[in-house]
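Trainee: I would like a close look at a single part of this model. Please take one helix and go through what surrounds it.

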Amino acid sequence: MDTSLSGLRVLVVEDEYFIATDVARAITDAGADVVGPVPQLDQGLALADCEQLDAAVLDVHVEGGFSYAIAESLTRRGVPYLLLTGYDSWALPEALQDAPRLTKPIQLRTLTAHLRALLGDAPCP
């Protein structure tokens, strides 16, 4: 079992049930505690504002709109995040165009590697 994220708390905001459960399972298998997953913008924003978090995985478009406000909240708090999206970077707001992201459909085997890189524990794959 991969325990490379052991002891960390990772927020997951994803509105596609099967993707959300797969992402949560991959993160849990890597030893982290998953906060969520939640499918809605308002739920994700509430958790991003209040929970103790080490990182987050955000679907760009969720129930209720785009997760840009969640990304802004996490940035203010100094919490790194990884975007999951089918959008090209040019379709994102300028502030998010250089944000770390995985393009859907994602490869779950690389998710934890990207999270480790995001947290500075490994080079980006």
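What follows is a request about one helix and one connected reply.

Trainee: Which residues make the contact of H2 with H3, and is Ser73 of H3 buried or exposed?

Mentor: This is a predicted model, and the reply below should be read with that in mind. Start with the pair of helices. The axes of H2 and H3 come within 9 Å and cross at roughly 5°. Since angles under 35 degrees count as roughly parallel, H2 is therefore roughly parallel to H3. On the H2 side, the contact is made by Leu41, Gly44, Leu45, Leu47, Ala48, Asp49 and Cys50. H3 contributes Ala69, Ile70, Ser73, Leu74, Arg76 and Arg77. Sorted by class, the residues of this contact are eight nonpolar, two polar and three charged.

Now to single residues of H3. Ser73 lies in this helix and is buried, because its relative accessibility is 2%, and buried means under 20%. With neighbours within four places in sequence left aside, Ser73 is in contact with Leu45, Ala48 and Asp49. Those three residues are also listed on the H2 side of the helix contact.

Arg76 is placed in helix H3 too. Its relative accessible area is 63%, so Arg76 is exposed; the cut-off for that class is over 50%. Arg76 is nonetheless among the H3 residues that make the contact with H2. Its C-alpha atom is separated by 9.5 Å from that of Asp49, with the two positions 27 residues apart along the chain counted as their separation.

Glu72, again in helix H3, counts as partly exposed because its relative accessibility is 47%. The C-alpha atoms of Glu72 and Val57 are separated by 13 Å, and the two residues are 15 residues apart along the chain.

From the other side of the contact, take Leu47, found in helix H2 (residues 41-50). Not counting residues up to four places away in sequence, Leu47 touches Leu11, Val35, Val38, Leu53 and Arg77. Of these, Arg77 is one of the H3 residues in the helix contact. Leu11 is 36 residues from Leu47 in sequence, and the C-alpha atoms of the two are 7.7 Å apart in space.

Leu11 leads on to the nonpolar core. The largest one has 21 residues, and Leu11, Leu58, Leu74, Tyr81 and Leu83 touch the most other members. Elements giving two or more residues to this core are strand E1 (9-13), strand E2 (33-38), H2, strand E3 (55-59), helix H3 (68-77) and strand E6 (81-85). Both helices of the pair are thus named in that list. Leu74 also belongs to the H3 side of the contact with H2.

Tyr81 can be followed in the same way. Apart from neighbours within four places in sequence, Tyr81 is in contact with Ala56, Leu58, Ala71, Leu74, Thr75, Leu96, Ala99, Pro100 and Leu118. A second, separate core of 17 residues includes Leu84, Leu102, Ile106 and Leu115.

Leu115 gives a link to another helix pair, as one of the H4 residues that meet H1. The axes of helix H1 (residues 17-29) and helix H4 (residues 108-118) come within 9 Å and cross at roughly 55°. H1 and H4 are therefore oblique to each other, whereas H2 is roughly parallel to H3.

Methods: Residues numbered from 1 in each chain as written. Predicted model: local features only at pLDDT ≥ 70, side-chain atom pairs only at ≥ 80, totals over all residues. Heavy atoms only, no water. Axes fitted to C-alpha atoms, helices over the stretch in contact; angles between N-to-C directions. Helix = DSSP H or I, 4+ residues; strand = E, 2+ residues; numbered from the N terminus. Parallel < 35°, antiparallel > 145°, perpendicular 65-115°, else oblique. Contact = heavy atoms within 4.5 Å. Core = buried A, V, L, I, M, F, W, Y, C linked by side-chain atoms within 4.5 Å. Buried < 20%, exposed > 50% of the residue type's maximum accessible area, 1.4 Å probe, protein only. Nonpolar A, V, L, I, M, F, W, Y, C, P; charged D, E, K, R; others polar.
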